[in-house]
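Student: Take me through one part of this model up close, please. I'd like to hear how the inside is packed and what goes on around it.

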Amino acid sequence: MVSGGMTCVKYLLFLFNLVFAITGIVFISVSAVILGLYKGYSNFVDPWFFAAPILMIVVGIIVFLVSFFGCCGAVKENHCMIKTFSLLLLLIFALEIGAGISGYMMRNEVGTMLDNHLNSTMSEYLTNKEAKSSWDIMQHDLDCCGMDGPKDWEKVFKTTDLPETCCTELDMDKKCDENLIEIRHEGCSMKLQNAIEDNAVIIGGVGIGIALVQLIGVIFACCLARSIRREYETVETTAH
């Protein structure tokens with residue numbers, strides 16, 4: 001049995017693991033929401049772009065499972081389990097820092113990536129259903145039209161016609177075109193870039209922030225493991 005101040009550490013570690021389980025759920029929830037937001041814009045981003053939120057979901061699941069392992073080790077005062085928990089926590093810490101940094105660093109690639117994909121999919125608007133669907137979703141959700149504005153669609157339609165999603169309101173007998181007052185005037189490129197960069201900051205902040213908090217758990221676990229080992233050595237010495 002641990003004694004004195006280590007009893008306090010034992011219960012703090014137990015409570016920490018409950019919080020730890022909640023952080024796992026937070027990881028999964030935040031990453032799933034961001035992944036869901038990106039799904040409609042998959043034609044505008046590279047496949048690697050989904051790596052950070054997917055990694056965060058995997059880390060969240062591992063965190064949730066490891067927290068129960070830590071609770072058992074703390075309650076049973078098992079030196080081996082607590083040491084294993086500490087090592088797993090350090091591994092998760094490294095993964096979270098990696099996910100956080102990659103989520104933040106991918107902000108630097110967003111502008112070039114979007115320019116390439118928006119240009120290529122815009123030219124396919126009339127021939128590719130997926131490209132058309134992605135543009136319509138983006139223009140409706142972000143309240144925008146074209147890359148930099150409605151004029152961009154002239155190179156696709158060869159007229160002043162616009163996609164229906166470029167208009168905020170449209171009568172059944174009317175076509176959306178540049179002469180209507182109901183058109184969306186702002187371009188989509190900067191709006192989408194800002195939205196993605198904001199989400200990248202959220203991923204980075206959540207990953208690094210929670211990872212730093214988890215360092216406290218490593219310290220608690222190491223203190224408790226050291227105390228338990230010392231107790232066992234004392235008992236063995238007394239027995240001899």
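Tutor: What follows starts with the overall fold, goes into the core and ends at the surface.

This is a predicted model, where local features need pLDDT of at least 70, side-chain atom pairs count only at pLDDT 80 or more, and totals for chains, interfaces and linings use all residues. Residues are numbered from 1 along each chain as its sequence is written, and side-chain values use heavy atoms, with hydrogens and water left out.

The protein has seven helices and zero strands; these are DSSP runs numbered from the N terminus, H or I over at least four residues for helices and E over at least two for strands. Of its 240 residues, 43% are buried, meaning under 20% relative accessible area with a 1.4 Å probe and protein chains only, while exposed is over 50% and partly exposed lies in between.

Now the core. In soluble globular proteins, nonpolar side chains tend to be buried together. Here the largest nonpolar core holds 36 residues, and F44, L114, W135, M138, W153, L192 and I196 touch the most other members. (Such a core is a set of buried Ala, Val, Leu, Ile, Met, Phe, Trp, Tyr and Cys residues joined through side-chain atoms within 4.5 Å.) Helices α1, α2, α4, α5 and α7 each put in at least two residues, with α7 giving the largest share, six. A second, separate core has nine residues, among them V59, V63, V66 and I92.

Zoom in on W153. Beyond four places in sequence, its contacts (heavy atoms within 4.5 Å) include M122, W135, C145, L162 and C166. Y125 and P163 are also on W153's list, and both turn up again as contacts of D136, together with T165. D136 sits in α5, residues 129-141, and counts as buried because its relative accessibility is 16%. Its side chain makes a 3.0 Å polar contact with that of T165; that's a pair of N or O atoms within 3.5 Å, one able to donate a hydrogen and the other to accept it, with residues adjacent in sequence counting only if both atoms are side-chain atoms.

Out on the surface, L87, L90, I101, M105, I208, L212 and L215 form a nonpolar patch with about 610 Å² of accessible area together. The largest share, four residues, comes from α3. Patch members need over 30% relative accessible area and no salt bridge, with nonpolar side chains joined within 5 Å. I101, in α3, counts as partly exposed because its relative accessibility is 42%.

Technical notes: Patches are made of residues with over 30% relative accessible area and no salt bridge: like charges are joined within 9 Å, nonpolar side chains (Val, Leu, Ile, Met, Phe, Trp, Tyr) within 5 Å. Accessible areas come from the Shrake-Rupley method with a 1.4 Å probe; for residues, only the protein chains shown count as cover. A salt bridge is a side-chain nitrogen of Lys or Arg within 4 Å of a carboxyl oxygen of Asp or Glu.
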